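Me: I'd like to learn how to read a few features in a model like this one. Can you take me through them?

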Amino acid sequence: MFDGYDSCSEDTSSSSSSEESEEEVAPLPSNLPIIKNNGQVYTYPDGKSGMATCEMCGMVGVRDAFYSKTKRFCSVSCSRSYSSNSKKASILARLQGKPPTKKAKVLQKQPLVAKLAAYAQYQATLQNQAKTKAGNIAVSMEGFSWGNYINSNSFIAAPVTCFKHAPMGTCWGDISENVRVEVPNTDCSLPTKVFWIAGIVKLAGYNALLRYEGFENDSGLDFWCNICGSDIHPVGWCAASGKPLVPPRTIQHKYTNWKAFLVKRLTGAKTLPPDFSQKVSESMQYPFKPCMRVEVVDKRHLCRTRVAVVESVIGGRLRLVYEESEDRTDDFWCHMHSPLIHHIGWSRSIGHRFKRSDITKKQDGHFDTPPHLFAKVKEVDQSGEWFKEGMKLEAIDPLNLSTICVATIRKVTQNFLLNGLTTSGKLAPLQHQ
């Protein structure tokens, strides 16, 4: 191992107490398995809809075995007791965790046996199904992967240079295929973190498919990573930082002089600019800050705006929490250059519909966003690479404006992409998930 280049080694309820006023509940599917008990036939529960809780005694059992149309009570006794003078006392006892009355226990004894038998068999069935499923199906917990999606379908991702409003959108020109970088070597048994040189095989937004030097046409250890990540460095960084360059264990036997191999492979090759990490850091500096107040479209009434507060800023996208949301869960995501957000007073100045806030005084620490931060770019620079039909990108879901989804460009016109995806603040290049 050498230093630098010298180194290579649920819940439902009813407010009515009258059975005649109860709403009709749809019957259970006829194809459910059944259980017989003392001449009575009950179907197994079908998920949540198959179970019921007695509103009188609190017993849980098979809904089909319960009394009344809405299956609110486990027996006639509980149904009558619910409307009796002991109703309040019984309910209070149940809420306090006390057992039901003796009368209720005796009258419901037989139905309860049937319910418990059905429930026990149902649980056994679920356990058997779970074991079978676990033995035959491998469930992936990784979630969506842009790399796998692009590779398996041979798609072409829209380049970062198409998104002038996004981080690195104006200084991505130096990043292309065959660019060499220094990255951590994951094919190594050493206890310390070591690095090796890899080349960009394919680009997909900020993501790059990398292949370690020395693997030639072997893609066995190819991997996707975010080029803007903290572990990606230009060639020469290890030498300057005193970090070891160690070849992957899989190919260690291929060459005896790895230094000469690297000199030959890297002569004339391109790498990241020396100030690449600085550019990434600068591109992640945003004028919008948490606690700023803005006017934003009301996601429940898109024809009006309301006041919201910036909760967080990620990649130029703002998480805006509506000012009247006490638990801070009523939020809305949009890009800071989106035409959906404006400075305080914008709606009144142009006569737009506006939902007045019940909050008459600003909360401590909140302040109005300066109007100059909302300047919009009127012209679109289409020089260099531009959008093409069939490209994949991330876009706001028009049916759920608080989320981002995968979209396909179907048609490109002068200022718009088909499906209403505008080029002003509504698009983002592929990002590492």
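Me: Is Met168 buried or exposed?

Reply: Keep in mind that this is a predicted model. Under 20% relative accessible area counts as buried. Met168 comes out at 2%, so it is buried. You'll find Met168 in the loop between α5 (146-153) and β6 (180-184).

Me: What about the backbone there? Which sign does phi have at Met168?

Reply: The general idea goes like this: most residues other than glycine have a negative phi. Met168 isn't a glycine, yet its phi is positive, at about 65°.

Me: Where is Asn178 found, and is Asn178 buried or exposed?

Reply: Asn178 sits in the loop between α5 and β6. Its phi is also positive, about 75°, and Asn178 is no glycine either. Over 50% counts as exposed, so Asn178, at 55% relative accessibility, is exposed.

Me: Now the interior. Which residues touch the most other members of the largest nonpolar core?

Reply: Think of a core as buried nonpolar residues joined through their side chains. The largest one here has 41 residues, and Trp172, Leu210, Ile227, Leu272 and Phe276 touch the most other members. β7 (195-204) is among the elements that supply at least two residues each, and β7 gives the most, with 5 residues. Domain 2 (149-281) and domain 4 (376-432) each provide at least three residues of this core.

Me: What is Ile227 in contact with, leaving aside neighbours within four places in sequence?

Reply: Ile227 is in contact with Trp172, Ile200, Tyr206, Ala208, Ile232, Leu272 and Phe276. Apart from this core lies another, of 17 residues, including Val294 and Phe332.

Notes:
Residues numbered from 1 in each chain as written. Predicted model: local features only at pLDDT ≥ 70, side-chain atom pairs only at ≥ 80, totals over all residues. Heavy atoms only, no water. Helix = DSSP H or I, 4+ residues; strand = E, 2+ residues; numbered from the N terminus. Buried < 20%, exposed > 50% of the residue type's maximum accessible area, 1.4 Å probe, protein only. Core = buried A, V, L, I, M, F, W, Y, C linked by side-chain atoms within 4.5 Å. Domains from an automatic or database assignment. Contact = heavy atoms within 4.5 Å.
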